Amino acid sequence: NGKLHYKKFYPVYESFFFHYQFDFEGIKYFNALVPKTRYKWYGGATSLRGYQEDLFKSTQYQISSFSFCFKPYDKMQIKLFTDFGSDFIHFQSNSKIGYGFGFTQVNQNSVVVIEYGLSDRYFSNGKLHLKWIATL
């Protein structure tokens, strides 16, 4: 089992910043096939926005996420995002792309994230991703 998570924020100008995130997860059985029950699931709000939750499965996947964010004040954030996902090392083969926009509101006891992601050019095929995170 292997897992890698990398995240970096780059300030652009005052309330604007750029966010990059890379996630990789994979499994390999030496000299044997990986059982289907051990495959890694991905897609949806936490991994590849614009697609249904856990739509794809593979022995490995990687996702690069790029977000351009505006933070008008401390407790609110508006963003445009693009996610590039693949179940191969090279993104050109069998890559999946999700893109969209989102809004984040931070309260005293929770964080609410609303994102609308697309996987094609038709706005009506988009997916609304909601996250409610408790801050205990």
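Here is a walk through the salt bridges in this structure, which is a predicted model.

Let's start with the tally: there are 4 salt bridges to look for. One of them joins the side chains of Glu25 and Lys40, with N and O 3.5 Å apart. If you trace the chain, you'll find Glu25 in strand E2, which covers residues 16-26, and Lys40 in strand E3, residues 40-42. That puts the two partners 15 residues apart, so this bridge links distant parts of the chain. Both Glu25 and Lys40 are buried.

Now move along to Arg49, which pairs up with Glu115; their closest N and O atoms sit 3.0 Å apart. Arg49 is found in the loop between E3 and strand E4 (56-58), while Glu115 belongs to strand E8 (residues 110-118), so this salt bridge ties together parts of the chain that are 66 residues apart in sequence. Is Arg49 buried or exposed? With a relative accessibility of 9%, Arg49 counts as buried, because the cut-off for that label is under 20%. Glu115 counts as buried too, at 2%.

Stay with Glu115 for a moment, as Lys79 is also a salt-bridge partner of this residue, again with 3.0 Å between the closest N and O atoms. Lys79 lies in strand E6 (residues 76-86) and Glu115 in strand E8, so 36 residues separate the two along the chain. Lys79 is buried as well, with a relative accessible area of 13%.

Which residues are linked in a network of salt bridges? Arg49, Lys79 and Glu115 belong to it, together with Asp83.

Notes. Residues numbered from 1 in each chain as written. Predicted model: local features only at pLDDT ≥ 70, side-chain atom pairs only at ≥ 80, totals over all residues. Heavy atoms only, no water. Helix = DSSP H or I, 4+ residues; strand = E, 2+ residues; numbered from the N terminus. Buried < 20%, exposed > 50% of the residue type's maximum accessible area, 1.4 Å probe, protein only.
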